[in-house]
Structures are given as C-alpha cells and as structure tokens.
Amino acid sequence: MKKILPLAAALLLASGAIFPAGAIDALSLITGADAGTAVDAATSADRAVGKDETPQPYTPSADPEACSKRLAEIERLLAEWESLKADEAAARFGVTAEDVTRRVENLTLLKNAYPRIINAISRKKQDDADLARQKGDASSPELTLNDKPPYKLGYYDAYIAGLDDIRKQIDDAKEDLERFDSYAAASQKLVEEREAAWRLARDNYQKARDQKTSWQLHGAAYLLEIARAQLILDGFEKERAATALAKYELQYQRRGYLQKYIRENLDLSAESFAAQIAALNAEIKKLEDSRPALNRQIKQAEAAAETAEMKYAADDKDKRAAQLEMSYRTAERDRYRLQLEQLQETLVLYAERKRLWTLRYDLARGAVDETTIPAAVKNMNAEIKTLENNLLDVQKDLLSLQSRQSAISKMLDSGTTEPKYLPGLKKYSSAIQASIDSCLSYTAAVVSLSAQERAFVGELQETYKTVSTFDKIRAFWKTHAATLLNTELWQSGGYAVRLREFLIALAIIVFGTWGARKLVHMFSWAVGKYFKFDETSRRTFDRFVFYLAGIAIFLTALHIVGIPLTAFAFLGGAVAIAIGFGAQNMFKNLMGGILLTLNRPFRLGDVIEVTGIAGTVTDLGVRSTLIRTFDEKEVVVPNSQLLDNQLINWSLSDALLRVGVDFGVEYGTPAKKVRDTVLRIADANPKILKNPAPWLYFAAFGDSELDFTLYFWVNQKIASGMKVSGEIREAIQEAFAQEGLVMAYPHMDVSISSAGTKNGAPQAAESEK
C-alpha cells in the first residue's frame, strides 16, 4: 500500500498536467472506483467543466517559462513512476508490464524534449543577434586585411582557401535546411497521425469510461505531446539552418568582394612572378631531395617489420610484447610508405599549382586565346573531380587510422594495461599519429589546390563573358569540327583511320575520278586524230585507260593522306567470303567482257539476237552489255550469256538488213498484177534500198490463198526494219483496195452431190477447194 500511494500521486499529477479539470481522477483508478466516480471526483477541481466533457492533451509552446514548468511536472511524474514496480502497477491498472515500461519511456522522451526546446530558443536568439550584427556592419571590407597591395599569388591562394571553407559551410547549411525541412514535414505528418489516434482514444473513452480506455487516452496524449514537441524542435532547427545560411552567405559575399579586390591588386609583374615561381620550385626541390632518405627509411622499416613478424611467430614466452612490437613495426612501415606515396602526389599538386599560376599570369598579360577558355574550364573541372576523389580516399585512410588510434588511447587510459607493455603501446600510438599527421597535411594541400582551381574556374568564366559572340561561335565550330574530324573510324594493322583522312581521300578520289574522265576523253580524242578507231574500240580504250587512272588515283589518295594499305586488311576476310559465296559470277562476267572486247563478235550499233532478245547494242560494259530492243526497251545482258549462248549478229559485215513481208491473195488473182503493185509500193518507200533491189517471191499455193513474200533491204543505221515492214503492210492494204485485189483469209467450200445408189444406199461425194 505504501507503494500504491506514490503511484496515486503520480497519476494525479499526470491527470492534472496532461488534462485540464474534468479529467479522470488517478486516485480513483488506483482505489478501484469506476470511471464515472473518477470523473465526478475530478470535476471538483473546476466546476466550470462538466463531468461529461473530455479533457484535451497538453500542447507544447515555444515559451521558455512554459517549457520549464512543464518539464518540472514531467520530472515529478517520472520520478513517481520510476519508484514503482512495473508488475504491481500493471496489475493495479489492468495492463501489462510492457505497457508500464512504454509509459515510462514516453515520459522520458518528454523529459528530454523540453530542455532541447529551451536550448533551441536560446540558440535562435543568439543566431538572430549575430545575423543582425552582420547585416548592420557597414565597415569597408578592405580594412580587415592586414597586408597592403600589391599582393602575391601565395597570399591570394591562402585567402581563397579560407573563402572555400565558407563555401563549404554554405553547402552544408543548404543541406541542413533541406534535411530539417523534410524532418519538419515528417513530424507534421506524425502529429496528424497521432491526433487521429488520440481522437479515436477519446471516442472510445467517451463510450466506456473505464481503466482501459483511460489508460489508452493518457498514452495517446503523451505520444501526441511528443510529436508536437518534436515538430517545434524541427521548426527551430530549420530556422537555425536558414539563419546560418544567411550568415554564411553574408560572409561569403563580403569575402568574395575582398577576393576580387585582392585579385585586381595582384603583383603579376615579370619579376614578382619569377620570384614566386622560384620559391615554389624551391619547395618542390626540397620534397624531391627528401625522397631518397624516405626510401631508405622504408627499406629499414620493411626489414624491421619482417623481423618483428618472425619474432612473433617464434616467441612463445611473451606473445603480447611480440605482438605489440610487430604492430608498431608494421605501422612504421605503412607510415613511411604512405608518406612516400603522398610525397609523390604532393609533387603533382605543386606542379598543378605552378601551371595554375602560369596560366593566370599569361591570362593577365593577354597571352591566352580567350576563346579556348571553355576547354580550359572543362579540363580544370575534371582535375577538381580527381582531387575530390583523392580527398575521399584520404578521408577513408584517416577514419581507419583514427579508429586504431582511439583503440590504443583507450588501452593507455584504461589503467588495466601492464606497465611493461606501455612503452610498446606508446610507440605504436606515435607511429599511427605520424600517419594521421601526414594524411592531414596532404588533405590540406588537396583542399587548398581544389579551392584555387574552383576560384580560377570562376575567374575564367567571368573573362569568357567578355568574349564576343562571333568569336565564341567561331571557336565552338573550330573545336567541335576538329573533334569530329579526328573521330576514329577504324583501326587495323597498328594504324587508325580517322574521319579527316577519310574525307580527304574521298574528295581526292571523287574529284580525281571526275577529272580523269575528262582527261581520258581528251586523250582519246587526240589519239583518234592519228589512229582510226571505231566506236567500240574507242569505248574499250577509254574504259581501260580510265580504270588504270582510277587505280592510280586511289593509291595516290591513300599516299597523300598517309593511309597504308594495311589499314584495309580487315576487308580481306570479307572479300574472300564474298568471292566464295557468289562473287565468281562477277569475275565470270568480267572475263566475258574482256573476251568480247578481244574477239569482237559485235560492235556498238550492231543488231544482235541472243536468248530470244533482239535489238541494237548500245553499250559494251565490263560486266554486262546493254541492248535496246525494237520496242525501245533497255535490256542488260550479262557478258557470260553472250559467250555461253548462240549469238546472231544481223549486221556483223555491214549495216544492211533484209526484211521479209508475207501476205496472201485469193485464188484467181493475177500474179503479175500483184507483183507490179507490190514492187511499186516498195519503190515508193524512201527507206527501202534500191540496191539490192526489192523483189517479190511467189511462195506457194496455199489452202485458201496464193502466198507471196516481199523481200527488201534497209540500212539499220537509218531505218528500223520492223517499222518499215509495218509501213509496207499498210501501203499494201491501201493499194489492194484501190486495185480491187482481195486479201485472202482462211475459208472452206463444201459441196454434196447425189451420184445414184449402190446396193440401195445413196452415194455422196465431198470436194474441198
């Protein structure tokens, strides 16, 4: 019972603190009274609140006094709860021991939240005062500089490093602002969720006012109060981050003005620049001179580490001392190796700083083409990225070393380590600390150079704004055109073929081919004046000379642009496969063209017939021959077909072509009249040759007509035999109509006569005419 009374007091405080008058009476819950009695007892504290009204949870505020008062209430209540046994309290209130533990944890969270709110209020006042003081500072920034102009490059670099620290603080403040903004949004969502949970607990309590619903209502109220307190804290942190960002931006603006002031007053005279470069070279030489000694130390440390490892493996008496000695020697060896590696990288950093100073000096005296600034900025950004990656690697090494150093410090400070091992631990600690110092020194050099390069990138970009648009476009085209022309198309035989060489070679081949064609025609015309060539021979000669010229142009183009034939070696396999799978037809036609040129079974303009195709030869090519048929169709015949099949040349010896026109007349037509009429028609046609003279051939007595054939000759260079034969047929039809001659057509006369009967049957005779 003695333990129950403090619990009653605690619950009473909780009810009064979390809920206003009208809340459930904690003492009634402890004593076992029903909910209605408890509510009636609680109403005595405030008569203005009816017994059916439900109390509201406590709402934290940003008032330090209110927070302090609430903190005192929570601390008293928490003290009472902590004095109770969880299982007894759980049995009394009808909950589990875990529920009691959760209640104590929630009260502890509230106890920790209110001091944080009070501290946040105090920090916000201080931050606001600092920001107001910075905004009100109207002093000239130049007065804060200890040195007077002109300034050296080293001084400028040191100032840039400090400015870069502020830039990083600005970036951190922006990240904090974004982070706390997301935290505040999450806290607001949590408040809304817990308000909904509290409303649900309130409704359940109003339906059944018992110990269970009262417990749930108090728990929901505590959780809601925790969420609201966290929302206030997140709001303060967000405001604090915004204030810090404003402070850093003011500092950066002020120091940025000073950076510009120092840059404009840099001592970039030739003498000062040479002196600063000489000082930098002296630092580089000092580092290089320390390299041999460091190499010796590495060898000694490696030998000592190897000896320590062997001793540790063989020593069975004092393993702890041997292990400490091995760890120390290993750390010494790693330390010297790390120092050598960072020394080499520091030399690279110094060389980059020297290049940076030289570029700034050249830019100041106008020795840099300002249109190349974008390329320089791109390269410098890539170097900044490399420095950032190096910095990340060093930071990983630092974390590892600091972790080991922390473990050693704990062993030294614990007081449990035997005295005989302390010297070994201290030596081990000193070796680790030396490695840490080396990493910190290298980190400072990397950070300094990175800041210088970022600042110089900004300077270059400002300078580039002064470049005219025309110069920018010209430089852009020049740079990108060069990049495009240097694109590698393929690589073979140790030689790369780029777009530039390929285009030059292609232009030489195209224009060389065009010029070669013109020269070949001129050469053919000149040779034709002294030698008689027919058209076929002339074209064959032209093609032969043109192909030779094409090969020479191709080889010349490759030689001019410096592309060896080995660069096309990758085509060899493709060519071999093509020949194996079907290129033999191409070579067959090629050989056919050569044989046709040598044997000359026909010439250009000859009328030939092959595989059912008849017409005039219009072109004899390397792979095929072009034939124009009599119905004006262009037919391409492969040369192999002209060799493998029967070829009829209608005009091999001359251009004369004999044409025959067949026709028939009815029986009874005078043959002499037919001859005179038809020959007169032939003589009247100017396209028919007089010599040889046309003549009419009485071919046969047909079944229904008298068959005639008119033969005449035409010069194929002047007229087409097919067209002339058509004209003759039209003229014959017209002349026969005028002369009363009848063209024959197939017909049959049938007659049946009675010649008596034989053996009682009639006899029939049939005659055909």
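Q: What makes strand E5 (residues 624-629) and E6 a pair in this predicted model?
A: Two strands pair if at least two bridges are found between them. E5 and E6 are joined over five bridges, in the antiparallel sense, so the requirement of at least two is met. One position shows the register: leucine 626 stands opposite valine 636 in E6.

Q: How do you know that strand E3 (residues 607-610) pairs with strand E4 (residues 613-620)?
A: The cut-off is again at least two bridges. Four bridges join E3 to E4, and the two strands run antiparallel, so they count as paired. Within this ladder, valine 607 has threonine 616 of E4 as its bridge partner. The hairpin of E3 and E4 has two residues between the strands, and threonine 611 there takes a positive phi near 45 degrees.

Q: How do you know that E3 also pairs with strand E7 (residues 647-649)?
A: Three bridges join E3 to E7, and these strands likewise run antiparallel. Pairing needs at least two bridges, so E3 and E7 satisfy the definition. Here the bridge partner of valine 610 is leucine 647 in E7.

Q: What is the order of the strands in the open sheet, and what makes a strand an edge strand?
A: The open sheet has five strands in the order E6-E5-E4-E3-E7, with antiparallel pairing. Strand E6 (634-638) and E7 are the edge strands, as each pairs on one side only. From one strand to the next, the twist averages 40 degrees.

Q: Why are H10 and H11 called roughly antiparallel?
A: Helix H10 (residues 319-364) and helix H11 (residues 373-414) pack at an angle of about 155 degrees, with their axes 13 Å apart. Angles over 145 degrees count as roughly antiparallel. H10 and H11 are therefore roughly antiparallel to each other. The crossing in which H10 passes H11 is left-handed. Among the residues making the contact are Leu338, Leu349 and Arg355 of H10, and Leu387, Leu401 and Arg404 of H11. Sorted by class, this contact of H10 with H11 has nine nonpolar, no polar and five charged residues.

Q: Why are H7 and H10 described by another term, roughly perpendicular?
A: Helix H7 (residues 153-207) packs against H10 at an angle of about 110 degrees, and the axes are 12 Å apart. The range for roughly perpendicular is 65 to 115 degrees. H7 and H10 are therefore roughly perpendicular to each other. Their crossing is right-handed. H7 contributes Leu153, Gly154, Tyr156 and Asp157 to the contact, while H10 contributes Arg353, Trp357 and Arg360. By class, the contact of H7 with H10 has three nonpolar, one polar and three charged residues.

Q: How do you know whether aspartate 127 is buried or exposed?
A: A residue is buried under 20% relative accessible area. Aspartate 127 has 13% relative accessibility and therefore counts as buried. Aspartate 127 lies in helix H6 (residues 97-135). Leaving aside residues up to four places away in sequence, aspartate 127 touches Arg240, Thr243 and Lys247. The C-alpha atoms of aspartate 127 and glutamate 239 are separated by 9.7 Å, although these residues are 112 residues apart along the chain.

Q: What do the values for the whole chain say about burial and contacts?
A: Buried residues make up 36% of the 769 residues in the chain. Of the contacts between residues at least 6 apart in sequence, 72% join residues at least 24 apart. The chain has 19 helices and twelve strands.

Key:
Residues numbered from 1 in each chain as written. Predicted model: local features only at pLDDT ≥ 70, side-chain atom pairs only at ≥ 80, totals over all residues. Heavy atoms only, no water. Axes fitted to C-alpha atoms, helices over the stretch in contact; angles between N-to-C directions. Parallel < 35°, antiparallel > 145°, perpendicular 65-115°, else oblique. Left-handed = near helix turned anticlockwise from the far one by under 90°. Contact = heavy atoms within 4.5 Å. Nonpolar A, V, L, I, M, F, W, Y, C, P; charged D, E, K, R; others polar. Buried < 20%, exposed > 50% of the residue type's maximum accessible area, 1.4 Å probe, protein only.
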